[in-house]
Amino acid sequence: MGQKVNPIAFRLGVTRSWNSRWYASKQDFADLLVEDRKLREFITKHPKKTQYKNAGIDRIEIERTRDEVRVMLYVARPGLIIGKKGQEIEILQAELQNLIGRRINLKVEEVGRPELQAQLVAEDIAQQLAKRSSFRRTMKRSLEQTMDAGAKGIKIQLAGRLGGAEMARREKQIAGSIPLSTLQAKIDYGTTEAMTPQGHIGIQVWINQGTYGDESDGADAQAGQASKKPKRSHKR
């Protein structure tokens, strides 16, 4: 049997930190865990707030203190969430406070290179498939964009009624190297579903962003790529 492990869970506590960072007693832990899930689902799956889906939310990090809950959104297009003069973000903050009954401190951070974030790449593929574009062409384009952005490797896997076929099947494309067993390898993983008229198509994306602690990669893959550019132009 296949021994498949989520690459993010595999690295938690070793080279990667948790997306929810707080401590609670045994009595309060379950309630706070449900609160975290409510906050995440309200932002990512709100039926009326379609701009949140279009904003390209990579991840949501939550920290708790005794007085407030800090919610940090890492977004590709932060303008859609902030709105004109910050009106939208104030409305969202008020809605989240009403949802859980606690004070919320909401922050929005921009993701510098969306092509290097597996969740954003998976959602982009899902949007293209929903528009009935060819799945092979979509996979190839995503591979090229991610590798051009500076990734060390990428793997994309689709499963379902691809191309509207009667029989569901699985297709996979790989570029570069994806060392899933190496804990020092900075592997980002994202998954989503494309809603097509023939049925749902599952999408999985693995991206190798380099290694943890690598000087060329920096603390973050996007920061590393941004820091390389001015150096090259300076030499010339």
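These legends walk through several close-up views of a predicted model.

**View 1. The whole chain, before we zoom in.** The protein is built with eight helices and eight strands. Of its 236 residues, 39% count as buried. Contacts often reach far along the chain: among those between residues at least 6 apart in sequence, 62% join residues at least 24 apart. The protein exposes about 14,200 Å², and carbon and sulfur atoms supply 50% of that area.

**View 2. The largest nonpolar core and its best-connected members.** This core holds 22 residues, and those touching the most other members are I125, L129, I156, L158, I203 and V205. At least two core residues come from each of α6 (118-130), α7 (135-148), β5 (153-160) and β8 (199-211). The top contributor is α6, with six residues.

**View 3. The surroundings of I156.** Leaving aside residues up to four places away in sequence, I156 touches I125, M139, S142, L143, E171, K172, Q173, Q204 and V205. Two of these neighbors, I125 and V205, are also among the best-connected members of the largest core. While you are exploring, look as well for a second, separate core of 19 residues, which includes I57, V71, I81 and I89.

**View 4. Helix α7, with a buried side and an exposed side.** Let's begin with a quick length check. At 1.5 Å a residue, the 14 residues of α7 should span 20 Å, and the end C-alpha atoms are indeed 20 Å apart, so the two values agree. The buried residues of this helix are F135, T138, M139, S142, L143 and T146. They lie on the same side of α7, because they cover an arc of only 135 degrees around the axis. The general pattern behind this is handy to keep in mind: an α-helix has 3.6 residues a turn, so residues three or four places apart point the same way. R137, K140 and D148 are exposed on the other side of α7. The buried residues of α7 pack against α6, β5, β6 (169-176) and β8. After the helix comes G150, with a positive phi near 110 degrees.

**View 5. Helix α5 and the partners of its buried face.** Here the 14 residues, 87-100, should span 20 Å at 1.5 Å a residue; the end C-alpha atoms are 21 Å apart, which agrees. I89, L92, L96 and I100 are the buried residues of α5. Seen down the helix axis, they fall within an arc of 60 degrees, so they line one face. E90 and N98 are exposed on the other side of α5. For the buried residues, the packing partners are α2 (26-44), α3 (50-54), β3 (69-75), α4 (79-82) and β4 (104-110). I89 belongs to the second core as well. Just after α5, G101 takes a positive phi of about 75 degrees.

**View 6. Strand β8 and its two pairings.** On one pairing, β8 runs antiparallel to β5, joined by seven bridges. Look for Q157 standing opposite Q204 of β8. In the other pairing, β8 and β7 (residues 185-196) are antiparallel over eleven bridges. Y189 has W206 in β8 as its bridge partner. A hairpin of two residues joins β7 to β8.

Note on methods:
Residues numbered from 1 in each chain as written. Predicted model: local features only at pLDDT ≥ 70, side-chain atom pairs only at ≥ 80, totals over all residues. Heavy atoms only, no water. Helix = DSSP H or I, 4+ residues; strand = E, 2+ residues; numbered from the N terminus. Buried < 20%, exposed > 50% of the residue type's maximum accessible area, 1.4 Å probe, protein only. Contact = heavy atoms within 4.5 Å. Areas by Shrake-Rupley, 256 points an atom, 1.4 Å probe, with all protein chains shown as cover. Core = buried A, V, L, I, M, F, W, Y, C linked by side-chain atoms within 4.5 Å. Expected span 1.5 Å × (residues − 1). Arc of directions from axis to C-beta. Pairing = 2+ DSSP bridges.
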